[in-house]
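Subject: Structure handover and findings

Dear colleague,

Please find below the structure that I am handing over to you. My notes on it follow directly after.

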Amino acid sequence: MQYAVGHCGTAPAPTSAEAALREGVEAAAAARRLDDAFRSYLAERGAKPVPLADMTTLVTGIVGLRLAADAVLGLWRRACEPDSEPNRAEAGLVLLSAAGQISGWYQDLAAGLGHNASVRDPLPRNPAAEAQLVESLRRDLSDEHGQATDTAVRIIWTADHLDAARRLQPSLVAAARPDGPS
């Protein structure tokens, strides 16, 4: 997310391309490890401690989250240069805040699953942050010809991918809590 926000005007400096690439390689390696572990889980004989449907939901949820992250990164990598359009630092801060909350929730989910602890409730929509993002973009959404700017469109798509990650949470909570809410 830092990489994307670094391309939103005068927000914090972008993460270097090398660091973004390294993180992508690490994410791909983690995805391969997850795939191997899931295949082993499927191949094991005997009773499964977690119902197959719930385990599949959790694994495919992780895959969906990774696809959303790859999509966001791809949006911003295609931007040739850091943004030379008007300042969108406020929009970048809104995105970083949302990304931090969503990332924190997924970290808590992983910790809860790893230690058989309770799983947090899904994050609710944040209409105030959505309105703040819309207002920050409304000021700069169009160029001098009335056309939507490329960066504004990428910001909107990034916000949508973050919201998709948030909307995925209820199904993951249901799978992680097979006996109902804790």
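Please bear in mind throughout that this is a predicted model.

Overall architecture

The secondary structure of the protein chain amounts to seven helices and zero strands. Read from the N terminus, the order of elements is therefore α-α-α-α-α-α-α. The chain has 182 residues, of which 33% count as buried. Among the contacts between residues at least 6 apart in sequence, 73% join residues that are at least 24 apart.

The second largest pocket

I begin with the second largest pocket, whose volume is about 480 Å³. Its lining comprises 21 residues, and those closest to the pocket centre are Ala98, Ala129, Glu130, Ala159 and Asp163. Helices α4 (89-114), α5 (127-140) and α6 (150-167) each supply at least two residues of this lining. By character, the lining residues of the second largest pocket divide into 13 nonpolar, three polar and five charged.

Leu172 and the aromatic pair

Leu172 is found in helix α7, which spans residues 169-176. Is this residue buried or exposed? Leu172 has a relative accessible area of 3%, and because the limit for burial is under 20%, Leu172 is buried. Apart from neighbours within four places in sequence, Leu172 is in contact with Thr57, Leu58, Gly61, Trp105, Tyr106 and Leu109. With one of these, Leu58, the separation along the chain is 114 residues, while the C-alpha atoms of the two are separated by 5.8 Å.

Two of the contacts of Leu172, Trp105 and Tyr106, also appear in the search for aromatic pairs. That search, run over the whole structure, finds one pair. The ring centres of Trp105 and Tyr106 are 4.9 Å apart and the ring planes stand at 80 degrees, so the pair is edge-to-face; the angle required for that class is over 60 degrees. Both partners are buried: Trp105 has a relative accessible area of 1%, and Tyr106 has one of 12%.

A charge over a ring

A further arrangement involves Arg154 and Trp76. The charged end of Arg154 sits over the ring of Trp76, at 5.2 Å from the ring centre.

His161 and Val63

Which residues does His161 touch, leaving aside its neighbours within four places in sequence? The contacts of His161 are Ala68, Ala71, Val72 and Leu75. His161 itself is found in helix α6. The relative accessibility of His161 is 18%, so this residue counts as buried, given that the limit is under 20%.

Val63 has its place in helix α3, residues 52-77. At 41% relative accessibility, Val63 counts as partly exposed, because that value falls between the 20% limit for buried residues and the 50% limit for exposed ones. Val63 and Asp35 are 28 residues apart in sequence, and their C-alpha atoms are 9.6 Å apart in space.

For your own inspection of the model, the views that correspond to these notes are the lining of the second largest pocket, including Glu130 and Asp163, the surroundings of Leu172 in helix α7, and the ring of Trp76 with the charged end of Arg154 over it.

With kind regards

Technical notes: Residues numbered from 1 in each chain as written. Predicted model: local features only at pLDDT ≥ 70, side-chain atom pairs only at ≥ 80, totals over all residues. Heavy atoms only, no water. 1 Å grid on protein atoms, 1.4 Å probe; cavity = no way out; pocket = protein on both sides within 12 Å on 5 of 7 lines; lining within 4 Å. Points joined across faces, edges and corners; volume = space filled by probe spheres on them. Helix = DSSP H or I, 4+ residues; strand = E, 2+ residues; numbered from the N terminus. Nonpolar A, V, L, I, M, F, W, Y, C, P; charged D, E, K, R; others polar. Buried < 20%, exposed > 50% of the residue type's maximum accessible area, 1.4 Å probe, protein only. Contact = heavy atoms within 4.5 Å. Phe/Tyr/Trp six-rings, centres within 6.5 Å; stacked < 30°, edge-to-face > 60°. Lys NZ or Arg CZ within 6 Å of the ring centre and 35° of its normal.
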